[in-house]
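Work through the exercises below with the sequence and the model open. Each task is followed by a stepwise solution.

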Amino acid sequence: MTHACRRLRRGAVTATAVGMLTVSVTGPAAFGAPVSVRTAATAPQPPPPSASPTGEVRTLTPAVTRQLDETVRQVMREANVPGVSVGLWTPHQGTYTRSFGVADKSSGRPMSPDLYTRIGSETKTFTVTALLKLVDEGKAGLDDPIGRYVAGVPNGDRITLRELAGMRSGLFNYTEDPDFFEALTSDPRRPFTPHELLAYAFRHPVLFPPGQKFSYCNTNLILLGLVVEKAGGKPVQDYIHDNVLAPAGLRHTLFPTDAAFPSPHAQGYTDQTATGKVQDTAGWNPSWAWTAGAMISSLDDLRGWARTVATGVLPDGTTLISPATQKQRLTTPPTTIPGAGYGLGIFNVQGWIGHNGSLPGYESLTIYLPAAQATLVVLLNTDINHNGAEPSTLFGEAITKIVSPGHVFNLPAQPAAR
């Protein structure tokens, strides 16, 4: 969920949570350790499981809540995470909403659940939802070739919109291009246009014939953003607002067109810089990620979005995406990551459906477990890896090992685009 994407500088795409959009190259280590997931200390042992009507999620008793508190703090210490907010909501087993640490290291301002945050590759779920709305309206077809909408795409007469959304296009990922990395890190406040981003990708040969295999690629989503604009007849940020955000009641989610960042928000911290030194990133321009990763949201909005994107159903019970189209979105063939499938802009990891996100300074994870109607959202203000592991994945695995031991969110590191 995943986001992950490759980290920009050193050239290779690696993935811990394959759905994230970042610009560096080292990927996380494989998972499978105890609750602390590849960290040094040993997490506290869980109390005896509490029964739940579904058997899928444990009841959030005071003992379980204390264990969650201890585990989140432990991952924070070991991964050196400044601040994190965690929300876990279930219909019958209780609710857990906590913020830990600081939103700004210089002032000591505490992290809080009401902050806006950059959500990186979770943007992909909104872009693909916009595309699926157009499919339902008959304005686009999943099996249309991308060349019908955008000229100059390598294999554009063969690559379909379905293959772009499912990360099976074979196109080169522009965030792996060294010249792009240099341009971004030399001036992270500069704007990029979609066609500038595509130019970095298209000067590289295709990696494989379309549909042959899974390869996470941010170039795919830039192209789908252009499809939404052409088929939707308006700028992508307006189409997403009018046809996705407004119907879903997401009042604190937006697609920025510049570096503006609503308040209150956390400061972000990254080492994806020209020098490798940690820098503040709240003022960086996310245009380089556009429809692959530029959006902003909040803990509560992502809570509502998790269920909507996983089911196609709005909070009022009406449909955002038709059942037939939603079924296609949730067809999640295997990926290069064991236990993880990827559909149309969405992951299925051990039963948890959703996406992760990462871009310099921020990471997020928004997932939904249909078997228990449970939602988990994690937001943090750093993307700095810990022992090769993405911090959002460390939190996701640690938390789900406690609350849903039969469905552990474990995205091991594999060579795949972040």
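**Exercise 1: the edge strand β7**

Task: find the bridge partner of tyrosine 342 in β8.

Solution. Tyrosine 342 has phenylalanine 347 of β8 as its bridge partner. Strands here are DSSP runs of E with at least two residues, helices are runs of H or I with at least four, and both are numbered from the N terminus. Next, β7 and β8 (residues 347-349) run antiparallel and are joined by three bridges; two strands pair if DSSP finds at least two bridges between them.

The model is predicted, so local features need pLDDT of at least 70 and side-chain atom pairs count only at pLDDT 80 or more, while totals for chains, interfaces and linings use all residues. Residues are numbered from 1 along each chain as its sequence is written, and side-chain values use heavy atoms, with hydrogens and water left out.

**Exercise 2: the sheet**

Task: give the strand order of the open sheet, and state which strands stand at its edges.

Solution. Seven antiparallel-paired strands make up the open sheet, in the order β2-β1-β11-β10-β9-β8-β7. The edges are β2 (95-101) and β7 (340-342); each has a single partner strand, so one side of each lacks a neighbour in the sheet. From one strand to the next the twist averages 15°. Helix α1 (residues 62-79) packs on this sheet and touches β1 (83-89) and β2, contact meaning heavy atoms within 4.5 Å. The direction of α1 makes about 30° with that of β2; axes are lines fitted to C-alpha atoms, for helices over the stretch in contact, and angles run from 0 to 180 degrees between N-to-C directions.

**Exercise 3: the β1-β2 hairpin**

Task: describe how β1 and β2 are joined and paired.

Solution. Five residues lie between the two strands of this hairpin, and glycine 94 in the turn has a positive phi of about 105°. The antiparallel pairing of β1 and β2 extends over seven bridges. Within it, glycine 87 stands opposite threonine 97 in β2.

**Exercise 4: leucine 380**

Task: decide whether leucine 380 is buried or exposed.

Solution. Leucine 380 belongs to strand β11 (residues 374-380). Its relative accessible area is 1%, so leucine 380 is buried (under 20%; exposed is over 50%, partly exposed in between, with a 1.4 Å probe and protein chains only). Leaving aside residues up to four places away in sequence, its contacts include Val81, Met111, Tyr362, Pro391 and Phe395. Threonine 117 is 263 residues away along the chain, yet the two C-alpha atoms are separated by 8.3 Å.
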